[in-house]
Amino acid sequence: MMATEKVKCLIIGSGPAGYTAAIYASRANLEPVLYEGMQPGGQLTTTSEIENFPGYPSGISGLDMMDELKTQAERFGADIRHGVVTACNLSESPFQFTIDGEKSIDAKTVIISTGATAKYLGLPDEAKYSGKGVSACAVCDGFFYRKKITAVVGGGDSACEEALYLAGLAAKVYMIVRKNYLRASQVMRERTLNHPKIEILFNTNTLGLFGDTFLEGAHLVRYAGEPNEERFDIAIDGFFLAIGHKPNSDIFKNYLDTDENGYIKTVWGTTRTTIPGVFAAGDVADPNYRQAVTAAASGCIAAIEVERFLMRG
Ligand code: NDP
């Protein structure tokens, strides 16, 4: 059996929260070990251009930003590793973790920065056409839809961002929006509403998808359940989900308080959870803001709190 490794500070996840925590923790000599998780670099690696992170007046690609954060953390000695934390026991200190189902780690403190994952509508057809027209990431898969017809589901900032990205490639982009307005921020709303290639279908829901092997279209309903309900089909090659996210908190739920959507609860203004020594930073604990800059800030707070916690002994 492999010996159990002992660490002072374990960081789980490699988005802006995890990397920022690693930068601060390594500069404080806490010798942090960071596991990157299933998607190294996190969700920002699937976004196009980050235009709202302070200090990048011309914008920066998500991939480049995450590479730079990683390099910055490694410069100060953070030990960044491939691997997924597959189990944990937070009932006693040191906390116990299993990596990739085999390696054991004991940690005096842990920063959970596991982020969130895109949600799907829950239609059986989404699985049927997965990789054959259905995607939750326009930047990853948009390339395949050059000059084709696509649809994006959702009316928030993510949906507008996906639609605008696809509009740069595709012949046409529908947005399927269940309400009669876009909830996205004003700047995104205006860009989307004014784009000649984007057609917004308000008050519309998806009933199903169709196509022989690959996706060929979607069955939609407008004003579902109303007297003027109308069912119709659109021909599409790509169907992109942008309806929000689920926090990646499942393996911690037995130990930590979470809200009704699974976000880890922290003491207001801190990253402290219900267990001393266990901190949560970034999207996994943030149902409200979910920005790269707020995630980075909470990673910084978590590392400072770890340092103070360890100092108190
Ligand atoms: P949001 O929760 O803001 O929006 C989700 C959208 O999906 C809403 O329009 C919602 O409809 C719709 N939706 C949810 N469930 C369903 C369903 N089952 N069927 C159909 N439609 C559904 O999520 P986002 O991912 O867009 O954004 C999350 C956060 O991240 C926000 O705070 C946002 O501002 C931020 N963000 C910022 C960006 C930026 O600044 N550039 C880019 C991306 C995200 P309804 O309105 O009816 O609830």
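Is Tyr 145 buried or exposed? In this predicted model, Tyr 145 has a relative accessibility of 10% and therefore counts as buried, the limit being under 20%. The setting of this residue is taken up below, after an account of the chain as a whole.

The chain comprises seven helices and 19 strands. Its C-alpha atoms occupy a box of roughly 65 × 40 × 35 Å along the principal axes. For 313 residues, a compact globule would be expected to have a radius of gyration near 20 Å, and the value of 21 Å found for the chain agrees with this. Of the 313 residues, 47% are classed as buried. When contacts between residues at least 6 apart in sequence are considered, 58% of them join residues at least 24 apart. The exposed area of the chain is about 15700 Å², of which 49% is supplied by carbon and sulfur atoms. The chain carries 30 positive and 37 negative charges, and the mean positions of the two sets are 2 Å apart.

Four aromatic pairs were found in a search of the whole structure. One of them is formed by Phe 53 and Tyr 56, in an edge-to-face arrangement with a centre-to-centre distance of 6.0 Å and 65 degrees between the planes. Phe 53 counts as buried, at 17% relative accessibility, whereas Tyr 56, with a relative accessible area of 25%, is partly exposed. Tyr 145 and Phe 240 form another edge-to-face pair, with the centres 5.4 Å apart and the planes at 80 degrees. Tyr 145 is located in the loop between α4 (138-141) and β11 (149-153), and Phe 240 in strand β17 (residues 238-241), so this pair ties together parts that are 95 residues apart in sequence. Phe 240 is buried, with a relative accessibility of 0%, and Tyr 145 is likewise buried, at 10%.

Several loop residues have backbone features that merit separate mention. The peptide bond from Ser 93 to Pro 94 is cis, with omega near -5 degrees; Pro 94 belongs to the loop between β6 (85-89) and β7 (95-99). In the loop between α1 (16-27) and β2 (33-35), Asn 29 has a positive phi, near 65 degrees, although the residue is not glycine. Glu 31 lies in the loop between α1 and β2 and also has a positive phi in a residue other than glycine, in this case near 45 degrees. Asn 29 counts as exposed, at 58% relative accessibility, and Glu 31 is exposed with a relative accessible area of 55%.

Two buried strand residues illustrate contacts made across the sequence. Val 85 is placed in strand β6 and is buried, with a relative accessibility of 9%. Beyond its neighbours within four places in sequence, Val 85 is in contact with Ile 12, Tyr 35, Phe 97, Thr 98, Ile 99 and Ile 251. The C-alpha atom of Val 85 is separated by 9.1 Å from that of Gly 13, a residue 72 positions away along the chain. Ala 280 is part of strand β19 (residues 278-280) and is buried at 3% relative accessibility. With neighbours within four places in sequence left aside, the residues in contact with Ala 280 are Ile 112, Ile 264, Thr 266, Thr 271, Thr 273 and Ala 285. Ala 280 and Val 110 are 170 residues apart in sequence, while their C-alpha atoms are 8.2 Å apart in space.

Arg 178 provides an example from a loop, the one between β12 (172-176) and α6 (186-193). Its relative accessible area is 62%, over the 50% cut-off, and Arg 178 is therefore exposed. Outside its neighbours within four places in sequence, Arg 178 makes contact with Asn 203, Thr 204 and Asn 205. Arg 178 and Tyr 35 are 143 residues apart in sequence, with 38 Å between their C-alpha atoms. Tyr 35 is among the residues in contact with Val 85.

Note on methods:
Residues numbered from 1 in each chain as written. Predicted model: local features only at pLDDT ≥ 70, side-chain atom pairs only at ≥ 80, totals over all residues. Heavy atoms only, no water. Helix = DSSP H or I, 4+ residues; strand = E, 2+ residues; numbered from the N terminus. Buried < 20%, exposed > 50% of the residue type's maximum accessible area, 1.4 Å probe, protein only. Contact = heavy atoms within 4.5 Å. Rg over C-alpha atoms; globule rule 2.2 N^0.38 Å. Areas by Shrake-Rupley, 256 points an atom, 1.4 Å probe, with all protein chains shown as cover. Lys, Arg positive; Asp, Glu negative; His and termini not counted. Charge placed at Lys NZ, Arg CZ, Asp CG, Glu CD. Phe/Tyr/Trp six-rings, centres within 6.5 Å; stacked < 30°, edge-to-face > 60°.
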